[in-house]
Amino acid sequence: MTTITDLMTHPESLVTVEELAAYWRVSERTIYRDIEKGAITVLRLPAGKIRIPITVAREYGKPNT
């Protein structure tokens, strides 16, 4: 797992739910809730893996907790 220090300069184009939750200091459940609501658009990979495009994370900003 890569640690996100700044969304604006993060070199990866995709991040995991776990990485984003740690960066925003919210629970992973909060991220999954916003995904389920359609507020955060994700890429669904094989084996049920989810990745969030960094551009989506930048636009969304930190979720309300």
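## Helix α1 and its buried side

A residue is called buried when its relative accessible area is under 20%, exposed when that area is over 50%, and partly exposed in between. In this predicted model, the residues of α1 that count as buried are Val17, Glu19, Leu20, Ala21 and Trp24. The elements that cover these buried residues include β1 (14-15), α2, β3 and α3. Just after α1 comes Arg25, which has a positive phi, near 55°.

## The nonpolar core

The largest nonpolar core of the structure is made of 17 residues, and those with the most contacts inside it are Leu7, Leu20, Trp24, Ile31, Ile35, Ile40 and Ile52. At least two residues of this core come from each of α1 (17-24), α2 (28-37), β3 (50-53) and α3 (54-60), and α1 is the element that gives the most, with four residues.

Ile40, one of the residues with the most contacts inside the core, offers a way to follow how these parts meet. When its neighbours within four places in sequence are left aside, Ile40 is in contact with Trp24, Ile31, Asp34, Ile35, Ile52, Val56 and Tyr60.

## Glu19, a buried residue of α1

Glu19 is part of helix α1, and it counts as buried because its relative accessibility is 8%, which is below the 20% cut-off. A polar atom of the Glu19 side chain lies 2.9 Å from the backbone nitrogen of Thr16. Glu19 can also be placed relative to Ile4: the two residues are 15 residues apart along the chain, and their C-alpha atoms are separated by 6.6 Å.

## The aromatic pair

How many aromatic pairs does a search of the whole structure find? The search finds one, and it is formed by Trp24 and Tyr60, whose ring centres are 6.1 Å apart and whose planes stand at 50°, so the pair is classed as tilted. The pair links distant parts of the chain, since Trp24 belongs to helix α1 and Tyr60 to helix α3, 36 residues apart.

Are the two partners buried or partly exposed? Trp24 has a relative accessibility of 4% and therefore counts as buried, whereas Tyr60, with a relative accessible area of 28%, is partly exposed. Both Trp24 and Tyr60 also appear among the residues in contact with Ile40, and Trp24 is listed among the residues with the most contacts inside the largest nonpolar core.

Note on methods:
Residues numbered from 1 in each chain as written. Predicted model: local features only at pLDDT ≥ 70, side-chain atom pairs only at ≥ 80, totals over all residues. Heavy atoms only, no water. Core = buried A, V, L, I, M, F, W, Y, C linked by side-chain atoms within 4.5 Å. Buried < 20%, exposed > 50% of the residue type's maximum accessible area, 1.4 Å probe, protein only. Contact = heavy atoms within 4.5 Å. Polar contact = N/O pair within 3.5 Å; in protein donor to acceptor, adjacent residues only side chain to side chain. Phe/Tyr/Trp six-rings, centres within 6.5 Å; stacked < 30°, edge-to-face > 60°.
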